[in-house]
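Here are a few exercises to work through with a predicted model open in front of you. Grab a pencil and have a go before reading each solution.

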Amino acid sequence: MLIILSLLAVGLLIGHFCQRVSLFKGLERSISYTIFAMLFIFGISIGANPTVVDNIGQYGAQAAVLAVCGVAGSLAASLIAHKLFNRKGGGDAE
């Protein structure tokens with residue numbers, strides 16, 4: 001876990017210092033496609049694992065509840081963030 005967090009921190013630092021490099025401007029568009037490809041490959045690897053597929057009935061209800069709660073929590077957090085950061089007519093001049 002420490003290795004993953006370290007790689008994330010290094011990537012953030014490199015990204016911060018390379019903000020104005022024109023070569024990296026086009027990467028924004030490819031990020032969504034990269035995430036879609038990673039999720040697809042992740043789904044294939046889960047579906048190919050016989051242990052997971054055999055026990056899906058045992059964990060199906062728990063997984064559904066966790067998924068619904070995760071989506072509901074994400075939606076609530078995004079609504080709160082939207083209300084906090086997108087106030088119209090606030091005292092801050094831009």
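**Exercise 1.** Check the length of helix H4 (residues 56-85) against the span expected at 1.5 Å a residue, then find where H4 bends.

*Solution.* Start with the count: H4 has 30 residues. The expected span is 44 Å. From the first C-alpha of H4 to the last, the reach is 40 Å, close to that value. Now for the bend: H4 turns by about 30 degrees at Gln62.

**Exercise 2.** Do the same check for helix H1 (2-17), and work out how covered H1 is.

*Solution.* H1 has 16 residues, so at 1.5 Å a residue it should span 22 Å. The end C-alpha atoms of H1 are 23 Å apart, which agrees. As for cover, zero of the 16 residues of H1 are buried, so to speak of H1 as hardly covered is fair.

**Exercise 3.** Decide how spread out the whole protein is.

*Solution.* List the elements: four helices and zero strands, in the pattern α-α-α-α. For 94 residues the globule rule gives 12 Å, but the radius of gyration is 20 Å, well over that, so the protein is more spread out than a compact globule. The C-alpha trace spans about 55 × 35 × 25 Å along its principal axes. Burial comes out at 0% of the 94 residues.

**Exercise 4.** Describe the largest pocket and its lining.

*Solution.* Its volume is about 210 Å³. Residues lining the pocket include Ile14, Cys18, Phe24 and Ile31. H1 and helix H2 (27-47) each give two or more residues, and H2 gives the most, with four. By class, the lining has five nonpolar, three polar and two charged residues.

Conventions: Residues are numbered from 1 along each chain as its sequence is written. This is a predicted model: local features need pLDDT of at least 70, side-chain atom pairs count only at pLDDT 80 or more; totals for chains, interfaces and linings use all residues. Side-chain values use heavy atoms; hydrogens and water are left out. On a 1 Å grid over the protein atoms alone, a cavity is a set of points where a 1.4 Å probe fits but cannot get out, and a pocket is an open set with protein on both sides within 12 Å along at least five of seven lines; lining residues have an atom within 4 Å of a point. Grid points are joined across faces, edges and corners, and a volume is the space filled by probe spheres set on the points. Ala, Val, Leu, Ile, Met, Phe, Trp, Tyr, Cys and Pro count as nonpolar, Asp, Glu, Lys and Arg as charged, and the others, Gly among them, as polar. The expected span of a helix is 1.5 Å times one less than its number of residues. Buried means under 20% relative accessible area, exposed over 50%, partly exposed in between (1.4 Å probe, protein chains only). The bend at a residue is the angle between axes fitted to the seven residues ending there and the seven starting there. The radius of gyration is taken over C-alpha atoms; the globule rule is 2.2 Å times the number of residues to the power 0.38.
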